[in-house]
Amino acid sequence: MDFKVEFSDLTFENKRREPEEYHQIALEIRRDIIKSLVLAKSGHSGGPLGISDLMTVLFFGGYMNYQPQNPSYEQRDRFVLSSGHMAPVLYSILARAGYFSPHELTSLRKFGTRLQGHPGLDVHLPGIETSSGSLGQGVSIAVGMAISDRVIDKNDRAVFTLSGDGELQEGICWESAMSAGSLGLDNLCWIVDNNDCQIDGRVKNVMSIYPIKDKFESFNFDVIEIDAHNYIELVEAFDKFEKNKKSKIGKPTCIIAKSIMGKGVSFMHDDYKWHGNPPNLEQAKKALEELI
Ligand SMILES: Cc1ncc(C[n+]2csc(CCOP(=O)(O)OP(=O)(O)O)c2C)c(N)n1
C-alpha cells in the first residue's frame, strides 16, 4: 500500500486561544496518535482520540505552568496520566509542547525506546512525572503530590490527573478521593474521562460507577460536568478550577468530561472495541483522510 508516515515539526505555545485554534491543534494531536499507533502495530486508539480536545486545552490553553526546556523546574504544575494506557495522547502533547522531537513519536512501543506502552519513570522521558498504567495508582500518586504541595510545602503548584471511568471501578480511586476531599486539596484537579466505554463494553453494563457526580460530591469535591469536545465548556471548567485554587475553596475540583471514544474517526466513534487496538495501514490511511 502506498502510504508513508511522516510527523511534522510543529510545536505549540501554551496560551489562551480561540476555539478554532484548539480544534486545529487537537487535529494534529489526533493525527499523531493514528500515525504512532499504526507504526507501533499495537496500543490504544479510542481513549486517546476521545481525550485529545481536553488535553489540548489543558496543555496549550495556558492552564498549566510548565517549561519544556527545563522539565524539572520547581514551581511547575504536574500532570499525572492515571489511565497510563492512554500514553499516545500524552506523548504527542509533550512532543508538541517541545519536551522532545515529534519525530520520536515513530518509536512508540518499540523495545528500548523512551515511548513505552505506558509512561515509565525508568526511561527518563522529559515531562513524565510518574510511572502509571496500573489503574487507580496514578490518582493516588497525584493526591500524594497535592498533599505534599498544599499541606507540607504550602506552595502554589497545581496537580492535574486524568482517570478513566472504567478505572473508577478500582477501590484505590475512592480511597484517594476520600483523602483529597477530607484534606480539602483545592490544588487538585481530577479529570474523569467519561466515555462510558471500557475494555469489555459499556461501563454501565460491566460494573456501573454511576452516579459519578454524587460520589465525588459526597467526598467534598466541587464537581463540574462538561462535554469534552466543547472548547467553551473546557475553558470554563479549567477557569473554574483556577478560581477554586486561587480562592482556596477547601475542596478539590472534579471535572467529569463526557467524551466519545474514538472521536474524530468515523469507524472508531463510540465503539469500545477500539479501546485497545491500533489501526492497520488501510484504517490509518482512512483515519488520516478524515482528520483534516
Ligand atoms: C489494575 C489494573 N487492572 C487491569 C488493567 C487492564 N486495563 C487497562 S485499561 C482497562 C479498562 C479501563 O477502562 P477505562 O478507564 O474506561 O479506559 P478507556 O476504555 O476509556 O480507555 C483495563 C481493564 C490495568 N491496566 N490495571
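# Why do we call it that?

Biologist: Why is Asp 270 called partly exposed?
Modeller: Asp 270 has a relative accessible area of 32%. Under 20% counts as buried, over 50% as exposed, and anything in between as partly exposed, using a 1.4 Å probe and protein chains only. At 32%, Asp 270 lands in between, so partly exposed is the label. Bear in mind that this is a predicted model: local features need pLDDT of at least 70, side-chain atom pairs count only at pLDDT 80 or more, and totals for chains, interfaces and linings use all residues. Residues are numbered from 1 along each chain as its sequence is written, and side-chain values use heavy atoms, leaving out hydrogens and water.

Biologist: Okay, and where does Asp 270 sit?
Modeller: Asp 270 is in the loop between β7 (253–258) and α10 (281–290). Helices (H or I, at least four residues) and strands (E, at least two) are DSSP runs, numbered from the N terminus. Asp 270 also has a positive phi, about 55 degrees, although it isn't a glycine.

Biologist: What makes Asp 196 count as buried?
Modeller: Its relative accessible area is 9%, which is under the 20% limit, so buried it is. Asp 196 lies in the loop between β3 (188–194) and β4 (197–198). Asp 196, not a glycine either, has a positive phi of about 55 degrees.

Biologist: How do you know that Ser 259 is buried?
Modeller: Ser 259 comes out at 7%, so the 20% cut-off puts it with the buried residues. You'll find Ser 259 in the loop between β7 and α10. Leaving aside residues up to four places away in sequence, Ser 259 touches Gly 50, Asp 193, Asn 194, Asn 195, Ala 228 and His 229, where contact means heavy atoms within 4.5 Å.

Biologist: How do you know how many disulfides there are?
Modeller: A search of the whole structure turns up zero. For Cys 173, the nearest cysteine sulfur belongs to Cys 254 and is 11 Å away. To count, a pair of cysteine sulfur atoms must be within 2.5 Å, so Cys 173 is in no disulfide. For Cys 189, the closest cysteine sulfur is also in Cys 254, at 8.1 Å, too far for a bond. Cys 173 is buried at 0% relative accessible area, and Cys 189 is buried at 0% too.

Biologist: Why are α1 and α4 called oblique to each other?
Modeller: The axes of α1 (residues 19–40) and α4 (residues 87–97) cross at roughly 120 degrees and come within 9 Å. Axes are lines fitted to C-alpha atoms, for helices over the stretch in contact, with angles from 0 to 180 degrees between N-to-C directions. Under 35 degrees is roughly parallel, over 145 roughly antiparallel, 65 to 115 roughly perpendicular, and the rest oblique. Roughly 120 degrees fits none of the named ranges, so the pair is oblique.

Biologist: Which residues meet there?
Modeller: Glu 28, Ile 29, Asp 32, Ile 33 and Leu 37 in α1 meet Pro 88, Val 89, Ser 92, Ile 93 and Arg 96 in α4.

Biologist: What makes α4 largely enclosed by the rest of the structure?
Modeller: Eleven of its eleven residues are buried, so α4 earns that description. Those buried residues pack against α1, α2 (46–50), α3 (52–60) and β1 (78–81). Just after α4, Gly 98 takes a positive phi of about 105 degrees.
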